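User: Hey, got a minute to go through a model with me? I'd like to pick at a few spots in it.
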Amino acid sequence: MQAVSASASAAGQLITILMMAVALGMDAFSLGIGIGLKGIRFLHILRISFVIALFHVIMPLTGMFMGQYVSSILGDVAKLAGGGLLLVLGVHMVYSSFGNHNINVINYRSTWGVLLFSLSVSIDSLSVGVSLGLFATDIILTVLMFGLFGGVMSILGLWIGRNAGKWAGQYGEALGGVILIAFGIRFLI
């Protein structure tokens with residue numbers, strides 16, 4: 001009887017981990033479409049997705065170690081910073097799509113651009129990390145699943161955006177910018 005209860009509990013925890021991993025990966029997927037619409041090389045897709053996967057492992061672990069108090073203070077600030085970053089990037093993409101503007105505010109191909117983009121899509125993992133410590137689960141499995149789903153979903157989003165950007169032409173970058181602006185506003189509200 002206890003073996004059935006234990007296996008049902010383990011299955012329930014695994015389903016919960018999978019659902020959380022998919023939910024956390026959705027930002028990477030959606031924002032990846034926006035960046036991909038601008039046009040992106042396959043090498044950059046892999047690089048960005050790897051860093052996003054890494055952030056989806058590091059951020060929940062950081063959240064667990066930061067504790068409830070510090071996370072509640074920094075959680076809102078980090079969310080606002082991520083939303084502001086997405087707004088700036090989105091506005092820049094829309095602005096540069098309608099002319100020959102060579103202003104680079106954030107270049108997603110640069111190391112800093114990849115890190116800032118990865119941070120903006122992984123910031124919600126920080127607060128999830130705090131709650132992970134509250135229920136008895138396999139922390140290593142959980143954060144590895146978060147990383148796997150964050151990386152795979154960003155690859156899918158960037159790939160879909162890249163292919164959609166080919167038929168969208170010059171308006172693909174503007175559409176990508178609008179997507180990033182929408183997510184930036186969502187983070188700020």
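User: What does the accessible surface of the protein chain come to, and what share of it belongs to carbon and sulfur atoms?
Analyst: This is a predicted model, and its protein chain has an accessible surface of about 9700 Å². Carbon and sulfur atoms account for 74% of that.

User: And how much of the chain counts as buried?
Analyst: 43% of the 189 residues.

User: What about helices and strands, how many of each?
Analyst: Five helices and zero strands. Reading from the N terminus, the order is α-α-α-α-α.

User: OK, confidence. What's the mean pLDDT of the chain?
Analyst: The mean is 75, with 65% of the residues at 70 or more.

User: Which element has the lowest mean pLDDT, and which the highest?
Analyst: Helix α5, residues 171-188, is the lowest at 71. Helix α4 is the highest, with a mean of 86.

User: Let's stay on α4 then. Which residues make the nonpolar surface patch?
Analyst: Leu 148, Val 152, Leu 156 and Ile 160 make that patch, and its area is about 340 Å². Val 152 sits in helix α4, which covers residues 139-168.

User: Why does Val 152 count as partly exposed?
Analyst: Because its relative accessibility is 40%, and partly exposed runs from 20% to 50%.

User: Switching topic: how many aromatic pairs does the count come to?
Analyst: One. Phe 42 and Trp 159 form the pair, and the arrangement is edge-to-face, with 5.7 Å centre to centre and 85° between the planes.

User: Where in the chain do those two sit?
Analyst: Phe 42 is in helix α2 (residues 42-97) and Trp 159 is in helix α4. They are 117 residues apart, so the pair links distant parts of the chain.

User: Are those two rings' residues buried, partly exposed or exposed?
Analyst: Phe 42 is partly exposed, at 42% relative accessible area. Trp 159 is partly exposed too, at 36%.

User: What about contacts over the whole chain: of those between residues at least 6 apart, what share joins residues at least 24 apart?
Analyst: That share is 91%.

User: Got a spot inside the protein to look at? Ser 118, say: buried or exposed?
Analyst: Ser 118 counts as buried, because its relative accessibility is 0% and the cut-off for buried is under 20%. Ser 118 belongs to helix α3, residues 111-132.

User: Which residues does Ser 118 touch?
Analyst: Leaving out residues up to four places away in sequence, Ser 118 touches Ile 48, Val 51, Ile 52 and Phe 55.

User: Now Gly 63. Where is it, and is it buried or exposed?
Analyst: Gly 63 is in helix α2. With 0% relative accessibility, Gly 63 counts as buried.

User: What separates the C-alpha atoms of Gly 63 and Ser 125?
Analyst: The separation is 7.6 Å, and the two residues are 62 residues apart along the chain.

User: I'd like a few other C-alpha separations as well. What is it for Val 88 and Gly 177?
Analyst: 9.3 Å, with their positions 89 residues apart along the chain. Val 88 is in helix α2 and is partly exposed at 40% relative accessible area.

User: And Ile 139 with Met 64?
Analyst: Their C-alpha atoms are separated by 9.8 Å, and the residues are 75 residues apart along the chain. Ile 139 lies in helix α4, and with a relative accessible area of 23% Ile 139 is partly exposed.

User: Last one, back towards the N terminus. Which helix holds Ala 23?
Analyst: Helix α1, residues 2-37. Ala 23 has 48% relative accessibility, so Ala 23 counts as partly exposed.

User: And how far is the C-alpha atom of Ala 23 separated from that of Phe 146?
Analyst: By 9.4 Å, for two residues that are 123 residues apart along the chain.

Definitions and conventions
Residues numbered from 1 in each chain as written. Predicted model: local features only at pLDDT ≥ 70, side-chain atom pairs only at ≥ 80, totals over all residues. Heavy atoms only, no water. Patch = residues over 30% accessible without salt bridge, like charges linked within 9 Å, V, L, I, M, F, W, Y side chains within 5 Å. Areas by Shrake-Rupley, 256 points an atom, 1.4 Å probe, with all protein chains shown as cover. Salt bridge = Lys/Arg side-chain N within 4 Å of Asp/Glu carboxyl O. Helix = DSSP H or I, 4+ residues; strand = E, 2+ residues; numbered from the N terminus. Buried < 20%, exposed > 50% of the residue type's maximum accessible area, 1.4 Å probe, protein only. Contact = heavy atoms within 4.5 Å. pLDDT = per-residue confidence, 0-100. Phe/Tyr/Trp six-rings, centres within 6.5 Å; stacked < 30°, edge-to-face > 60°.
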